[in-house]
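Visitor: Hello! Could you pick the roomiest open space in this protein and take me through it slowly, along with the parts around it?

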Amino acid sequence: MGHTLPEINIKVPAGFLLGAAISAHQVEGNNVDSDWWHWEKQGRVPESGQACDHYNRYSADFQIARDIGLNAMRISIEWARIEPEQGKWDHQAVEHYRQVLKDMKSKGLSRMVTLHHFTLPQWLALKGGFETQDGVEAFARYSWFVAENLGDEIDLWCTINEPEVFSSQGYYKGIWPPFKRNALKLVTVYRNLTKAHIRAYRAIKSAKPQAEVGIVKNNVHYEPYQGNPVNRMACAAADYFGNRWFLDRIRRDTDFIGLNFYFTRVISIDFSGAHVANSPERPKSDMGWQTFPEGIYHALSGLKRYGKPVYVTENGIANARDDMRMDYIRQHIGWALKARAEGLDLRGYYYWSLMDNYEWSDGFGPLFGLVEVDYSTQARKVRPSAAVVKELMNA
Ligand code: BGC
């Protein structure tokens with residue numbers, strides 16, 4: 001631990017995708033047919049309302065992405081808009097996303113698209129979502145439909161965003177829809193998501209054999225407290241169940257791996273049990289998340305065993321003062337490129353997020369954006385830290 005960065009003056013290599021990520025429910029606004037909208041109206045989670053009104057302002061937002069120097073974007077398509085009722089496809093929504101994707105292309109942005117980013121159509125949630133095999137089948141059908149109808153406009157596909165976060169928030173911690181705390185359901189949903197990924201992967205390929213389809217996994221870097229052997233074993237177990245279990249199951253049915261990297265956890269075991277902690281001396285984001293750029297190097301190095309291309313599909317910081325973001329990005333990219341120099345086929349990095357947005361159960365408080373959003377006027381303002389993009393691009 002504690003290596004220093006090999007190079008300070010970092011530039012990304014030619015052909016590298018340097019993008020930003022957003023997800024539909026967090027930015028679009030008025031996602032009325034989704035399970036989250038339903039629970040928002042029940043007061044169980046904050047209301048997303050108009051969010052960033054990105055549904056109407058996408059073109060201006062992509063223009064900003066381009067102006068700050070990005071060459072790629074990761075967006076998500078909202079299942080609840082495409083299939084608002086079971087088996088009823090909304091062709092207007094399809095046309096909308098076609099315009100969105102064409103607009104990205106016209107602005108020189110490579111298009112990475114996620115099919116499921118935490119939200120479900122409410123009709124499916126009512127039937128148990130991914131708790132059942134029907135949910136898996138429904139996801140495969142929706143994926144096939146998107147491939148058939150929008151496949152020509154998508155450069156890189158992600159099936160599911162963070163299966164482990166989705167299952168643990170919704171079925172273990174019970175703080176996101178459907179607010180359950182049930183170990184059996186947690187395991188069922190997590191397993192079903194491996195199936196859902198595999199079925200979607202094959203469905204997309206059946207419609208578009210050339211499509212490049214991957215998964216997005218939130219992997220944590222686990223550090224053994226004081227490096228002692230018992231803590232090392234605990235870290236190995238956490239790494240296996242948290243980071244590898246899912247990927248081991250889908251490895252034959254994925255063209256690439258997307259890594260969302262936010263967390264390093266220090267693990268210690270003593271007589272009173274296992275402790276997972278943040279390291280006190282490391283800087284923290286506005287959400288109290290510790291930052292440890294070297295962690296991304298370890299998380300990426302752990303993906304080498306799969307022998308697949310890798311993208312950092314998310315990495316970012318809530319930092320209202322904007323005084324940590326620039327260095328956060330430089331350092332994480334620096335460490336990511338070190339993993340690349342050591343043989344990992346790393347092809348891109350997407351910062352979370354292009355703009356401030358609806359941060360799930362935390363509402364609109366945490367500010368992750370390269371671009372600030374004034375929610376009363378929907379005005380956008382580029383933050384000073386966004387200058388890091390051109391610096392990294394050598395532009
Ligand atoms: C999710 C995003 C979220 C971000 C910051 C990731 O877990 O994919 O939707 O906004 O982290 O919490």
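Guide: Gladly! About 1100 Å³ of space lies in the largest pocket. A pocket here is an open set of points on a 1 Å grid over the protein atoms alone, where a 1.4 Å probe fits and protein lies on both sides within 12 Å along at least five of seven lines. Its volume is the space filled by probe spheres set on those points, which are joined across faces, edges and corners. This is a predicted model, so local features need pLDDT of at least 70 and side-chain atom pairs count only at pLDDT 80 or more, while totals for chains, interfaces and linings use all residues. Residues are numbered from 1 along each chain as its sequence is written, and side-chain values use heavy atoms, without hydrogens and water.

Now to the walls. The lining of the largest pocket is made up of 39 residues, each with an atom within 4 Å of a point. Nearest the centre of this pocket are Glu 164, Val 165, Ser 168, Lys 173 and Phe 263. Five elements each give at least two residues to the lining: the helices α8 (163–171), α9 (183–207) and α10 (229–250), and the strands β5 (213–218) and β8 (264–270). These names come from DSSP runs, numbered from the N terminus: H or I of at least four residues for helices, E of at least two for strands.

One of those elements, β5, leads us to the barrel. Eight strands close into this barrel in the order β1-β2-β3-β4-β5-β7-β10-β11, with parallel pairing; strands pair if DSSP finds at least two bridges between them. One such pair is β10 (residues 310–314) and β11 (residues 346–352), which run parallel and are joined by three bridges. In this pair, Tyr 311 has Gly 348 of β11 as its bridge partner. Helix α8, from the pocket lining, packs on the sheet and touches β3 (110–116), β4 (156–161) and β5, where contact means heavy atoms within 4.5 Å. Helix α12 (residues 325–341) packs on the sheet too, touching β1 (17–21) and β11.

Let's follow the barrel to β2 (residues 72–76), a strand that is mostly covered, with five of its five residues buried; buried means under 20% relative accessible area. On one side Ala 72, Arg 74 and Ser 76 are buried, and on the other Met 73 and Ile 75, so both faces of β2 are covered as the term is defined. Toward β1, β2 pairs in the parallel sense over three bridges, and there Ala 21 stands opposite Arg 74. Toward β3, the parallel pairing of β2 runs over five bridges, with Arg 74 opposite Met 112.

The other strand from the pocket lining, β8, belongs to an open sheet of three strands in the order β6-β8-β9, with mixed pairing. Its edge strands, β6 and β9, each pair on one side only. β8 and β9 run antiparallel and are joined by five bridges, and Val 266 stands opposite Ala 277 in β9.

Beyond β9 (273–277), in the loop that leads to α11, sits Phe 292. Why does Phe 292 count as buried? Its relative accessibility is 12%. Although Phe 292 is 29 residues from Phe 263 along the chain, their C-alpha atoms are separated by 7.9 Å; Phe 263, remember, is one of the residues nearest the centre of the largest pocket. Setting aside neighbours within four places in sequence, Phe 292 touches His 221, Glu 223, Phe 261, Thr 264, Arg 282 and His 332.

The loop with Phe 292 brings us to α11 itself, a mostly covered helix with six of its eight residues buried. Those residues are Glu 294, Gly 295, Ile 296, Tyr 297, Ala 299 and Leu 300. Among the elements covering them are β6, β7 (256–260), β8, β10, α12 and β11.

One last stop: the second largest pocket has a volume of about 320 Å³. It is lined by 19 residues, and His 221, Tyr 222, Cys 235, Asp 239 and Asn 243 are the closest to its centre. At least two lining residues come from each of β6 (221–224), α10 and α11 (294–301). The largest share of this lining, seven residues, belongs to α10, a helix that also helps to line the largest pocket, where our tour began.

Terms used. Axes fitted to C-alpha atoms, helices over the stretch in contact; angles between N-to-C directions. Buried < 20%, exposed > 50% of the residue type's maximum accessible area, 1.4 Å probe, protein only.
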